[in-house]
Every structure is written in C-alpha cells, then in structure tokens.
Amino acid sequence: MKKLIGLIVILFFSCQKDPTVYTPIPYVLEIPEVSGLKLESYIVTDKVQVNVKLPETGQYRIKIFDFTNKLVSQELVNGQKGDNILNVYVNALPPSSYTVSLYDNNTLIGKEFFTNE
Amino acid sequence: MKKLLLLLLSAITYGQDMYLDHSFINGLPIYVGDTLSIKFNTIDNNNSTYKLLQFDYQYNNKLLQKIDHTFYTDGPQTSLNHWDGYSFNPNTDISLSDLTGQYNWWAGGAYAASTTSYNSSSDWSVERITLQHTSNIPHAETILIVRFLLKDKANTNYSNYNNISKLSWARADGNVVYGMTNVINLQDVKGGGAGDVVLKLNTQAEQKEDYMYSIMDKVGTEITSGNFDANGEAIIQGLENDIEYQVGVWVNSDATWLGDVVSLTDAYMLFLQAINAGENPDEQDNIVDEIRKVVYDVNADGVINFDDSYALLMHVIGEPLENTYITADKWAYNISDLDKPFKPTENDKTFNAYHYLAGDADFSHSHYEAQVAVSRFSLAKENVIDHDLDLTTELVNGKIEFVVNLDRDDLSAIEFITDFDETKLEFEKIVFDSGDVITNYSTIKNNSVYFGSIEPEGKLQIKTGKSYKIVFNPKVEITNAAGLIYFRRQEAVTTAGQKLNLNLK
C-alpha cells in the first residue's frame with residue numbers, strides 16, 4: 001500500500017514538470033552540485049558515459065591523465081549549461097588506471113578515476 | 001738446579017750454534033688451491049755438527065691442508081709425529097727464534113709441570129720431526145719437504161696468509177739452534193673466494209631493474225648471471241680473487257621503454273654530426289669516443305655520416321631500414337664497457353659497468369659523460385628542458401580534428417606519435433603548416449600516426465601556430481572525442497641542440 005502511494009506521488013510530480021526541459025539523466029550520472037563530472041562506471045571497456053555538468057554554456061576541456069599524471073588525451077568540448085552526457089572512449093588507451101578531468105580554462109571543475117580493461 | 005745446569009750448558013755451547021731453516025719453495029705468486037711445499041734443512045753457523053736433530057713446528061690447518069711429507073736424508077733414521085688441534089705455547093721471555101731456548105724451557109719443566117705448553121687449538125696441527133744417525137748429519141741439505149694444499153681463507157676467520165707455519169723448538173745435540181725462517185708468511189696469495197663483488201650500472205635510463213648481467217670466464221663460459229636492483233647495483237657471489245672475468249650487461253627485451261630510446265632528437269643529432277664531421281668519424285682516441293662510434297654508427301659501415309642519420313630518421317617515422325642496428329621496442333642493441341678489468345682482488349671488489357644502446361645518440365638511455373658534451377657532439381643530453389605544449393582534439397563538423405598549437409620558435413625538429421581508436425576512427429589526412437623549407441613526415445602504422453618535422457641543416461626553425469592538424473573520419477556514431485586520441489610521444493629539439501620534453505597542457 002505504501003509503495004502504491006509513493007508511485008502515485010512520483011507520477012503526480014512528474015506530470016507537473018515541463019516536458020520540454022526534462023533531461024533524462026540516468027540516476028548514476030546525476031550531479032547534485034551546479035557543475036562537475038561523473039562517470040557511469042569506473043571499470044571501463046570500449047567506452048563509458050560521462051556527465052559533464054557545466055556552470056555556463058561555453059568551451060571546456062576534458063583531459064585524461066595516466067597514473068603518472070601525464071596528459072595522454074584531451075578534448076575541447078562546447079557544452080551547454082547543465083548536464084551534458086558524453087562518452088569517454090578508451091580503446092586507444094593502454095590498459096591502466098586513468099583520471100578524467102573537466103577544466104574551465106585552467107580551473108578544475110571535477111574529476112573521476114577509472115580503470116581501462 | 002736443573003735450570004742452572006741447562007743455563008750452564010747453553011753457555012758452554014753458545015759458540016757452536018746452527019740454524020734450522022723452514023721455508024716454502026714455490027714460485028710467486030701462489031694461488032689458492034696450489035700445492036705449497038715447505039722445506040726443512042739446517043745451516044751451519046760455527047762449525048757445528050750433530051747426529052740428532054729434533055724439532056717441533058706447527059701449521060695453520062685452516063689455511064693449509066697437509067698432503068704428504070718426504071724425508072730426503074740418506075742414512076739417518078727419521079720419524080714424524082702428528083697431532084691435530086694443538087698449538088705450542090712458547091715462553092715469551094725467550095726469543096721465539098731461539099729454538100733451543102724454547103726447547104730447554106719446555107723440556108726442562110714446562111712439559112712435565114704444565115699443561116699449557118701445548119694448548120688445545122683447533123686451528124693448528126703440530127708435527128714433531130726426529131733425525132738420528134751414527135755419523136754427522138750434513139748441513140745445507142734438504143731434510144724434509146712437507147706438502148700442503150693452500151686453502152681459501154674466504155670461509156675462515158683469517159684475513160691473510162701470515163703466520164701459517166712456525167717453528168716451535170729444536171734441539172741438535174749440544175748445539176744452540178736458531179730458527180732461520182721462524183715463521184712463514186705468504187704475502188702474495190692470489191685467487192680464493194672473492195666474497196661479495198659489487199657491479200654498479202651506469203646509465204641514464206631510469207628503470208635499472210630491467211638490466212641484467214652475465215659473468216663469464218675467459219673462454220666465455222657463463223659463471224653466474226642476474227639482475228641489477230632498482231639502484232643499479234648487483235652483488236655478485238661465487239667469484240674468485242685474482243681471476244679476470246668477462247662481463248656482459250644488457251637490457252631485458254621485455255622492458256616496456258625500449259621503444260622510447262631512439263627518437264627524433266637522436267636523428268637530428270646525427271644529421272648535425274654528419275654535417276660537422278663529413279665522412280670521417282671523430283678521431284679522438286678515448287674510450288667514450290670509441291663507444292660513441294658504435295652508438296652512432298647504426299649501419300655498421302665504420303663511419304658516421306648521413307646514412308646513419310637517415311637510418312635513424314626512417315626508424316623514427318616508423319619505416320625502419322634493413323641491416324641497421326637501432327634499439328627498438330622488444331629489441332635492444334647493447335653495448336657495455338667497464339672502468340677496469342673485472343678482476344676482483346683482496347682490496348678491490350667494486351666495478352663500474354657503462355651501458356649504451358645503439359642509436360641512442362642523445363644518451364637519453366645510455367651512460368653519459370660530460371666530456372662528450374664539451375666536444376663537437378655538444379647535443380648529448382645534459383639537461384632536458386620541459387616545455388608546455390597545447391594539443392587538442394575536437395569534434396568539428398562531424399570529423400575529429402587533432403591540432404598541435406606550437407608556440408616555441410626555436411625548434412628545428414619535432415616528433416609526435418599518437419595512437420587512435422581504430423574501431424571508431426579512420427585516418428583521413430594530415431595538414432602541415434610548419435614552414436616552406438622544413439622537411440615534414442607522416443606515417444600511418446596500424447592505429448598509430450608518426451609525424452613531425454626536421455630541418456637537417458640545423459639552420460631554420462619550425463613555424464609556430466597550428467603547425468599540424470590531423471583529421472579523422474568517424475566510423476561509427478560518436479558524441480565527442482574524449483579518449484579517441486592517445487598522445488604516446490612528443491619530443492622536440494632546438495636549433496642549438498637542446499632537447500625538450502613536451503609536456504601537454
């Protein structure tokens with residue numbers, strides 16, 4: 001009975017949202033802060049989804065560092081304010097542990113670690 | 001009363017003394033494992049004669065192992081008694097070379113009254129020799145030769161071969177007998193266990209644990225082998241002193257960094273060397289130059305010239321020539337040398353090994369000596385400078401663009417190796433904007449792009465700005481480019497020859 005009430009409440013609030021601004025962010029990629037970076041998984045094969053949550057619309061850099069903190073891959077991204085669901089591709093990276101970081105100019109916004117298998 | 005009589009006897013016979021000689025007859029040097037022969041004979045000093053000779057000597061059984069003994073007398077009756085585990089305790093108030101004095105002390109009282117005249121001592125063996133004859137026994141003729149095996153002191157408490165055999169006492173009728181060579185010291189013993197021998201590896205390569213050594217005898221049979229530790233040291237055991245060995249040092253072919261040894265800097269250096277030296281190799285006759293000739297002469301034709309620099313360049317761009325000797329991934333051409341012959345001795349057990357890799361013209365992974373830098377080969381690595389470089393990857397109009405933004409205007413050679421995800425990208429083109437007279441190169445090999453520029457005359461510089469752009473076509477639908485391009489290597493060298501590590505920012 002409790003579950004049924006909860007479901008009705010969720011449906012009610014969902015119906016109240018404007019469907020044009022609703023962004024289907026998977027639960028694991030939700031970022032409560034105004035900006036940041038979050039990975040779908042920390043053990044990666046082929047590619048992994050990443051939420052790049054930006055404070056403002058603009059150009060940012062996604063940087064990938066190896067375990068010695070050497071920059072081994074970098075992308076310039078033009079993102080919208082808020083959540084941006086992108087991918088990090090790992091086939092070109094030798095199997096190892098890496099850090100993926102989000103930078104606004106030289107300011108670090110967020111980072112996560114992952115292992116490439 | 002007995003002492004008084006003995007003193008009187010000594011005084012009476014004082015003028016008729018003789019010597020007992022006790023010495024080894026081997027030539028020098030003597031090696032551990034040799035047979036050491038000790039000869040005994042008498043020497044007359046003052047018209048002495050004797051029909052009876054009796055003496056004790058003792059030898060260090062930790063250093064000498066008795067083989068046999070032989071009397072060389074013709075006529076006298078001889079006897080040799082042997083006791084292991086004893087050592088004569090002489091009277092220190094009497095000269096040790098006064099063998100008769102020691103005998104008189106021992107026979108006159110110490111023998112009967114004291115148990116300390118021969119102490120228990122596991123390191124010593126005592127032998128008592130007796131000769132007696134009905135007529136005078138001649139002087140200066142060999143009485144006895146005792147043969148010993150010279151043992152290795154490595155496993156004993158002894159640090160040398162001094163005092164290995166000594167006369168204890170002697171009597172010869174009424175003569176006063178002096179020891180001629182009372183104590184035998186072996187000063188020049190060679191060989192024997194060398195204990196811990198240290199081999200130090202000298203190279204600029206950081207991963208010293210990837211290096212191995214092999215110790216061989218003169219004919220090349222391996223004695224032992226092993227790895228250096230992370231500090232570049234190897235403690236080697238099982239070697240012998242005073243034996244010269246051959247030493248080989250090499251990099252394990254599984255070392256992951258071998259592919260990084262030879263880069264565009266090396267090729268650029270060789271181009272400059274070829275310009276400077278023409279067809280003739282450097283003629284300085286020091287060991288570094290000899291090594292350098294081997295390191296630089298990658299086609300092994302005996303000269304350092306443009307053929308070598310071209311071979312290195314082709315190697316760098318991923319199109320290696322045949323019949324060249326250039327260190328590459330999974331393949332090291334090792335060159336090693338020592339600071340001195342590898343011949344451990346008692347006082348010298350530390351050696352330096354210098355290691356080089358063929359083609360490593362900037363000595364980035366080889367031993368480096370300052371004298372190289374002050375010679376014409378001034379490009380050898382001394383201090384590598386870090387420089388920040390901007391490389392970006394971007395999804396532009398459905399294509400992936402990889403761009404090098406060069407901001408340094410004094411570069412004459414630059415090299416990049418980038419890998420790409422070939423399951424999602426295919427190479428389309430590379431656009432050079434590095435200057436009109438600069439030689440550019442690019443090679444696609446599997447999922448790697450080798451590209452860069454070199455100005456082999458060493459006079460012009462690579463143009464700054466967006467000097468290189470590589471365009472890839474996506475093979476599948478992609479949302480962005482993160483991780484699709486992997487920056488494997490980027491390196492540059494200035495016109496003046498300064499090597500730069502390009503740190504990406």
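**Exercise 1. Work out how E5(B) and strand E8 of chain B pair, and place them in their sheet.**

Step 1. Start with the pair: E5(B) runs antiparallel to strand E8 (residues 144-150) of chain B, and seven bridges link them. Strands here are DSSP runs of E, at least two residues long, numbered from the N terminus, and two of them pair if DSSP finds at least two bridges between them.

Step 2. Pick out a bridge: Gln65(B) has Leu149(B) in E8(B) as its partner.

Step 3. Zoom out. The open sheet has five strands with mixed pairing, in the order E5-E8-E3-E1-E10 (chain B). At its edges sit strand E5 (64-71) and strand E10 (177-179) of chain B, each pairing on one side only.

A quick note on the ground rules: this is a predicted model, where local features need pLDDT of at least 70 and side-chain atom pairs count only at pLDDT 80 or more, while totals for chains, interfaces and linings use all residues. Residues are numbered from 1 along each chain as its sequence is written, chains are lettered from A and ligands numbered from 1 in the order in which they are written, and side-chain values use heavy atoms, leaving out hydrogens and water.

**Exercise 2. Find the strand order of the antiparallel five-stranded open sheet in chain B.**

Step 1. Read off the order: E6-E7-E4-E9-E11 (chain B).

Step 2. Check the ends: strand E6 (77-88) and strand E11 (183-186) of chain B are the edge strands, each pairing on one side only.

Step 3. Look at one end: three bridges tie E11(B) to strand E9 (residues 161-171) of chain B, antiparallel. In one of these, Lys166(B) is partnered by Val183(B) in E11(B).

**Exercise 3. Describe how chain A and chain B meet.**

Step 1. Count contacts (heavy atoms within 4.5 Å): 22 residues of chain A touch 26 residues of chain B.

Step 2. Get the area: about 1,900 Å² is buried between chain A and chain B, with carbon and sulfur atoms giving 49%. Buried area is the accessible area (1.4 Å probe) that two parts lose on being put together, summed over both. Glu75(A), Tyr89(A) and Ala92(A) supply 32% of what chain A buries against chain B, more than any other three residues.

Step 3. Look for charge pairs: there are two salt bridges between chain A and chain B, where a side-chain nitrogen of Lys or Arg lies within 4 Å of a carboxyl oxygen of Asp or Glu. One of them joins Asp390(B) and Arg61(A), at 2.9 Å, N to O.

Key: Helices (H or I, at least four residues) and strands (E, at least two) are DSSP runs, numbered from the N terminus.
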